[in-house]
Amino acid sequence: MTELTKEQLQQAMENCATEPVHTPGAIQPHGYFLAFNNNFEVLTHCSENIEALLGVSAEHLLGHSAPDYLKSSWKEHLLRLRQLASDSVGFGDEINNNEVYCTMYVSGDSICVEIEPLVGRLSSTFLSELQAHQEQIRSSKSLDETLNGLTKSIGEIIGFERVMVYKFDEEWNGQVIAELCKQSTIRRYLHQRFPASDIPKQVRELYSKNPLRSIVNSTQQPAGIIAYEDKRSLDLTKGVLRAVSPIHLTYMQNMGLHSSLSIAIFQENKLWGLLSCHGLEAHPLNIQQRHAAQALVTLASQRLILQQQYETAAFFEAIENTRGALISDNQEINEPKALFEREGNKWLELFRGNLVALAYGNNVLKCGAELADERILAFKKWLNKKCRLVGTFVSRNVMDSEVAEYFEETAVTGVMAIALPAGSSSQQGWLMFFRPEQLEELEWAGRPNKDTIEHYKGKTVMSPRTSFESWKETIKGQSSLWLDSERKAAISLAEDLAIALSAFEVEILNEQLSAANDKLEHLVHTDALTQIWNRYHMEYVLDEQISAAKRYNHELGVILFDIDNFKDVNDNYGHDAGDTVLIGLAKLFAKELRDTDDFGRWGGEEFFIVAKHSNLEATVALAERLRQRLEAATFDDVGVVTASFGVTFYKDGESRTSLVKRVDDALYDAKENGRNRVVVVE
């Protein structure tokens with residue numbers, strides 16, 4: 001391939017990425033389109049097939065007011081659209097004795113109305129069947145069960161020949177992770193991958209604005225949109241009738257498809273994947289079927305989020321259990337070397353690694369595969385120079401990174417390094433997890449690389465792939481992907497190890513290092529960021545108060561709360577803004593609490609309150625007051641943040657573990673039921 005050809009291919013890819021697919025200037029011909037000015041006074045655009053619906057040609061309609069039988073009822077829907085501040089509203093109507101379904105939305109200065117004839121009749125048992133499908137998804141126990149149940153339910157409700165769930169990876173390649181094929185002769189794509197270029201960036205962005213894309217018949221010619229005076233193409237993103245790009249139609253034809261329905265699946269406001277339905281023939285849908293499919297996808301999305309939260313919680317609970325080794329039975333902090341001997345293999349299993357190391361000063365503690373101390377210390381020196389301010393370094397392919405020289409001819413391929421908290425006597429130290437190479441066999445639906453171009457609208461663009469035959473690729477030289485939950489857990493563990501290191505060093509120096517003892521006291525009991533109590537201190541206080549409650553029959557309330565959607569704050573405004581929110585919240589709540597209440601940071605964006613001599617009613621009132629106080633506050637750059645609160649009280653004879661578990665359950669219920677609320681578990 002010549003250099004010029006490479007340049008042509010690059011230009012073709014860029015042209016595809018900027019194709020204005022949201023303004024095609026046409027609609028799918030099974031429906032109709034009208035666009036008016038702000039008060040329905042003038043019809044500014046209409047589809048060229050409008051005469052089939054209204055009995056009047058486009059030329060006689062354009063430039064005139066909407067007919068009264070349309071305008072009188074549509075104004076009410078326009079008012080509803082504006083009151084709801086929604087992207088679109090849908091409603092049933094009857095036009096010239098034709099039952100239709102209308103979708104109304106605003107595009108620039110235009111009021112757009114898409115009209116679809118109602119097709120098909122639903123069975124009398126449709127709603128009960130839908131409820132059964134919803135309950136099946138709602139009760140699913142795993143990701144696979146949820147997604148397989150979703151494809152089965154969608155297949156029964158809308159009847160496409162193939163239904164599949166398509167998940168995006170970090171590079172926007174897609175993989176089919178669940179599939180239902182209704183005929184044995186249909187090509188199956190389960191576990192196969194599709195390159196990111198098959199669903200280009202601008203198409204993925206459209207799903208964030210309109211999660212549904214329906215193509216009824218790819219063989220029909222689109223109906224053009226005729227303009228009265230304004231010749232600009234209207235943005236049809238919010239509707240459902242937007243015509244299909246010829247390139248995409250060719251792609252569908254190459255797959256043997258005549259119709260499709262795609263519904264976006266989101267997680268934490270990010271496009272996670274698609275439910276994609278394929279039809280071998282034209283497939284008009286009843287509106288209620290389409291709405292039911294969207295409802296099932298939304299329900300499945302929520303179920304996936306909960307299942308992911310449960311999995312993450314179980315992982316953190318397993319990490320939490322290893323923290324018991326930090327403190328011996330007589331409440332003394334153990335020697336770091338003993339911690340590695342006790343817990344090292346557990347950490348390797350939990351973090352899916354082959355080596356864990358702690359490097360501080362000229363010391364190295366490690367467990368797992370062999371890696372020379374000199375290499376680890378050299379890597380630590382590089383980390384302190386390059387990554388100290390960031391506090392983390394993560395790579396799944398060290399041989400293709402700046403640190404390759406430290407790991408040549410070793411069993412290390414991936415690394416996650418976490419800086420020990422600054423201010424400890426182990427400053428400049430790092431907790432490191434390493435992973436081996438993980439060969440990955442990828443099965444693609446056709447070769448992912450496109451190497452042919454064609455001319456479209458005066459530009460060179462990528463030609464749609466003509467083959468989807470299975471093609472396998474082996475990925476070498478990288479480890480498994482490091483998860484965000486693993487990074488957070490490693491940060492928590494690094495904080496604990498810093499405490500253990502500092503405590504052990506101070507124990508050795510004893511009274512000779514009184515200044516170091518002062519720093520230790522601050523580190524052990526105070527959260528470095530917010531300057532309130534840390535988890536270690538809060539657990540100590542909780543044990544003391546439980547003992548007092550047992551002995552003197554005192555009442556004891558506890559509150560556990562979590563800042564809502566805190567990841568979005570860090571992602572959208574940066575970690576400095578997130579730290580500002582944590583500090584501000586700590587100062588805000590400290591003013592609201594009694595001197596007898598203990599308030600500390602439990603970890604990350606979670607906080608814990610021990611309310612001494614407080615019954616359940618008073619503790620709930622305190623939590624609600626704090627919730628309202630936070631909701632009324634504003635933070636620089638971020639604005640308003642909210643939190644979810646769990647509340648419970650000490651029951652006679654129970655342990656700290658039981659008490660914390662119940663208040664944690666209350667917090668999970670608060671988050672599951674909508675956040676920004678107080679939930680009590682008795």
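**Figure 1. Salt bridges across the predicted model.** The whole structure holds 29 salt bridges. The model is predicted. Side chains of opposite charge can pair when their charged atoms come close. The next views show individual pairs and one network.

**Figure 2. Glu99 pairs with Arg121 in a salt bridge.** The closest N and O atoms of the two residues are 3.1 Å apart. Glu99 belongs to strand E5 (residues 98-107), while Arg121 sits in the loop between strand E6 (110-117) and helix H5 (126-138), so the salt bridge ties together parts that are 22 residues apart in sequence. Glu99 is partly exposed, with a relative accessible area of 43%. Arg121 is exposed, at 73%.

**Figure 3. Glu179 and Arg162 form a salt bridge between two strands.** The N to O distance is 3.7 Å. Glu179 lies in strand E8 and Arg162 in strand E7. The two residues are 17 residues apart, and the pair links distant parts of the chain. Both Glu179 and Arg162 are buried.

**Figure 4. Lys488 and Asp484 form a salt bridge within helix H12.** Their side chains meet at 3.6 Å, N to O. Both residues belong to helix H12 (residues 484-509). They are 4 residues apart, about one turn of the helix. Lys488 has a relative accessible area of 33% and is therefore partly exposed. Asp484, at 34%, also counts as partly exposed.

**Figure 5. Four residues share a salt-bridge network.** The network links Arg535, Glu539, Asp543 and Arg656. Two of its members are arginines, Arg535 and Arg656. The acidic members are Glu539 and Asp543.

**Figure 6. Asn173 occupies a loop between two strands.** The loop runs between strand E7 (162-168) and strand E8 (174-181). Asn173 is buried, because its relative accessible area of 14% falls under 20%. A polar atom of the Asn173 side chain lies 2.9 Å from the backbone nitrogen of Ala196. Leaving aside residues up to four places away in sequence, Asn173 touches Lys167, Phe168, Phe194, Pro195, Ala196 and Trp444. Ala196 thus appears both in the 2.9 Å approach and in the list of contacts.

**Figure 7. Phe599 and Phe607 form a tilted aromatic pair.** A pair of aromatic rings is described by the distance of the centres and the angle of the planes. A search of the whole structure finds 26 aromatic pairs. In the pair of Phe599 and Phe607, the ring centres are 5.9 Å apart and the planes meet at 35°. Phe599 and Phe607 are both buried.

**Figure 8. Six aromatic residues form one cluster.** The members are Phe379, Trp382, Phe393, Tyr406, Phe407 and Phe434. Phenylalanine, tryptophan and tyrosine are each represented.

**Figure 9. Two arginines sit over aromatic rings.** Arg435 lies over the face of Trp482, at 3.6 Å from the ring centre. In the second case, the charged end of Arg662 sits over the ring of Phe649. Here the distance to the ring centre is 6.0 Å.

**Figure 10. Leu127 and Gln288 lie 9.8 Å apart in space.** This distance runs from C-alpha to C-alpha. In sequence, Leu127 and Gln288 are 161 residues apart. Leu127 is part of helix H5. With a relative accessibility of 58%, Leu127 counts as exposed.

Notes:
Residues numbered from 1 in each chain as written. Predicted model: local features only at pLDDT ≥ 70, side-chain atom pairs only at ≥ 80, totals over all residues. Heavy atoms only, no water. Buried < 20%, exposed > 50% of the residue type's maximum accessible area, 1.4 Å probe, protein only. Polar contact = N/O pair within 3.5 Å; in protein donor to acceptor, adjacent residues only side chain to side chain. Contact = heavy atoms within 4.5 Å. Phe/Tyr/Trp six-rings, centres within 6.5 Å; stacked < 30°, edge-to-face > 60°. Lys NZ or Arg CZ within 6 Å of the ring centre and 35° of its normal.
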